[in-house]
Amino acid sequence: MECLFGLVGKDFAITVSDATSIQSIVVMKHTEDKSRNLNKHIIMLYAGEPGDTVNFAEYIQRNVRFYEIKNGIELSPQAAAKFTRRQVAESLRSRQPYSVNLLIAGYDVKTEASQLYWIDYLGSLIEIPFAAHGYGAYYVTSVLDRYYYPQISLDEAKVLIKKCIDELKTRFFINLSNFKIKVSNKDGIQEIVL
Amino acid sequence: MSSEIDEYNGGSVLAMLGKNCVAIASDKRFGMKLMTLGTEFPKIFQATDKIYIAMAGLATDIQTLSELIRYKINMYKLREEREIEPTTLAYMVASTLYERRFSPYYVSPLIAGLDKNNKPYICNMDLIGCVTTTNDFVVGGAADDCLLGTCEALYEPDLEPEDLFETISQSLISAVDRNAASGWGAVVHVLTPERVITRTLKTRQD
Amino acid sequence: MSFYPYTDNGGSALAIAGEDYCLLASDTRQSGEDYKIHAGYVPKAFKLTDSCVYAGVGFSADGVALVKRVRQSIEWYRHAHEKTMSTPALAQMIATVLYSKRFFPYYVGTILGGLDENGRGVVYSFDPVGSFEAELHKAVGSGAELIQPFLDNQVNLKFLPEVERTPLPLDVALQIAKDAFTSAAERDTKTGDYLEIFIIDREGVNVERFDLKRD
């Protein structure tokens, strides 16, 4: 029932995750942050089996950091995404696979472009201009298909994100009351409110 | 292959033999069951200047296996100090697949290439590496039956590169348009001794 | 082993609608379970009227039973209205017959090829419970997946958008039907032996027979 989505614009990537933490039939929290920053420019959103998610996300976060300390270079969003994919794919055929769906978004300092990667729990990786995970994907992708265009500005992207959230609030039968929105651009990652 | 997994991400691949040339083609869809998520998903990978490998099936395995094969091809080149031959590659892929006999990679690979004498070669294999080499065409993926029908009817032997391109393109487009799990454009490579012709095709966007 | 009232006898059929003709082709093989071939010549296409031919693939016994019932209805219609049933009326009637057995269906994929009241070629295809649609070309049966995209490619040249559309001549349609079946017989084990092509035009219905692969 969790919902993650994001899109890439002219010189930024924007991500949205619902902030609801559910256990069984009880909403435990409305301010859960389902994301980790992998470095100064890369955001990773995660959803899936509780327990697997945070553990896996932090494993990736720390390994990306470790790589950067060891080699003294910042990983590009593409490199981080491909590394993550491989970890998921290897876990898939292990005794206890991680059940985590991910979105990796970020600004690549070298190519000066933003990217968004979609990874599912099987380890399939695609790079797309906008992406979503969970049941919310059925609502959000329709809205984005209609209104998204390449090179969209941040202000217009915010309006579009608002449209997506409004759609979820009116048509999705789960009450996702709160969302965490993050933007990554050349200056780094900021959490924003619409 | 179990059709549940075969059609989870969708996608189709196809290769054809011509006169001193080969062609290899795939669609570009990436989906989850009925929902299309990506429309630029590569299913054809360059092995050497004269060999391409295409894979349809479960996307994660296509990616894992293509990376593994790329690694093995590079290692072969370093050890042998020469390019791999199409048949050698075919059996390299086949044994890689058979290593996973009891938890297989869910893929249908095709290999198309020209050998050191520029003799064209195509083959396909099943998910555990049973190689079938043919002298006309090979198909794989969600629209394999449709592709078999169009290829069987449209194919003729000894086509020149441009005619082979038209034949493989028409076969692929006709087949994927009747398959909901495949489509959203296509990529075609025609390999000749002189050069590789790469073109992208438009198909229905639904 | 419990009793199961259906088997799949395989086989394919196709129909192509022309300007002033219609063509319906089907193979004559009757297959059984486990790669068995029961017989080489068991037709699954039948003439219904002077302007309409039926083909039923799937469970052969149901296909035959359906024709019997439809022919009976055509006869009653003739006595009641003193005219032969038109092809569109027949299509609607077959749909009603199929739906009347909604919860114990005739296990057949049906196509109807013929001429409408204006003498134009029409093709109707049905699912086992009577959903139907008028089309210009259609393949059904075990080889349908192989044949249908080929028809899309050849009949209305769907993938050659720059080519000028002209009505499909009968001899071309015939060649397409033959090619479709030789290809299907090559790859589909349940299609083969002989090909029967019904040609429906203003003059009436003509049948031609051709050889297909027998292995």
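The radius of gyration used here is taken over C-alpha atoms, and the globule rule is 2.2 Å times the number of residues to the power 0.38. Keep that rule at hand for the exercises below, which all work on a predicted model.

**Exercise 1. Compare the radius of gyration of chain A and of chain B with the globule rule.**

Solution.
- Step 1: start with chain A. For its 194 residues the rule puts a compact globule near 16 Å.
- Step 2: chain A has a radius of gyration of 16 Å, so it agrees with the rule.
- Step 3: turn to chain B. With 206 residues, the value for a compact globule would be near 17 Å.
- Step 4: chain B comes to 16 Å, which also counts as agreement.
- Step 5: add the dimensions. The C-alpha trace of chain A spans about 45 × 40 × 25 Å along its principal axes, and the C-alpha atoms of chain B fill a box of roughly 45 × 40 × 25 Å.

**Exercise 2. Describe how chain A is built, from its secondary structure to its surface.**

Solution.
- Step 1: count the elements. Chain A holds four helices and twelve strands.
- Step 2: look at the contacts. Taking those between residues at least 6 apart in sequence, 62% join residues at least 24 apart.
- Step 3: check burial. Of the 194 residues in chain A, 51% count as buried.
- Step 4: finish with the surface. Chain A exposes about 9,500 Å², and carbon and sulfur atoms supply 50% of that area.
- Step 5: place the charges. Chain A has 23 positive and 22 negative charges, and their mean positions are 2 Å apart.

**Exercise 3. Now do the same for chain B, ending with its charges.**

Solution.
- Step 1: chain B has five helices and twelve strands.
- Step 2: among its contacts between residues at least 6 apart in sequence, 63% link residues at least 24 apart.
- Step 3: 61% of the 206 residues of chain B count as buried.
- Step 4: the exposed area of chain B is about 8,700 Å², with 48% of it from carbon and sulfur atoms.
- Step 5: the 20 positive and 28 negative charges of chain B have mean positions 5 Å apart.

**Exercise 4. Which pair of chains has the most contacts, and which residues of chain A supply the most buried area there?**

Solution.
- Step 1: two pairs of chains touch, and the most contacts are between chains A and B.
- Step 2: set one pair aside. Chain A and chain C do not touch, and their nearest C-alpha atoms are 26 Å apart.
- Step 3: size up the chosen interface. The area buried between chain A and chain B is about 1,300 Å², and carbon and sulfur atoms give 56% of it.
- Step 4: count the partners. Here 16 residues of chain A are in contact with 19 residues of chain B.
- Step 5: name the leading three. Arg85(A), Arg93(A) and Ile126(A) supply 38% of the area that chain A buries against chain B, more than any other three residues.

**Exercise 5. Are Glu112(A) and Asp193(C), each with a positive phi, buried or exposed?**

Solution.
- Step 1: recall the background. Most residues other than glycine have a negative phi.
- Step 2: find Glu112(A). Its phi is near 55 degrees, and Glu112(A) lies in the loop between β7 (100-108) and β8 (113-119) of chain A.
- Step 3: apply the cut-off for exposed, over 50%. Glu112(A) has 58% relative accessibility and therefore counts as exposed.
- Step 4: find Asp193(C). Its phi is near 70 degrees, and Asp193(C) sits in the loop between α4 (170-187) and β11 (194-201) of chain C.
- Step 5: apply the cut-off for buried, under 20%. Asp193(C) has 5% relative accessibility, so Asp193(C) counts as buried.

How values were computed: Residues numbered from 1 in each chain as written. Chains lettered and ligands numbered in written order. Predicted model: local features only at pLDDT ≥ 70, side-chain atom pairs only at ≥ 80, totals over all residues. Heavy atoms only, no water. Helix = DSSP H or I, 4+ residues; strand = E, 2+ residues; numbered from the N terminus. Buried < 20%, exposed > 50% of the residue type's maximum accessible area, 1.4 Å probe, protein only. Contact = heavy atoms within 4.5 Å. Areas by Shrake-Rupley, 256 points an atom, 1.4 Å probe, with all protein chains shown as cover. Lys, Arg positive; Asp, Glu negative; His and termini not counted. Charge placed at Lys NZ, Arg CZ, Asp CG, Glu CD. Buried area = accessible area lost by both parts, 1.4 Å probe.
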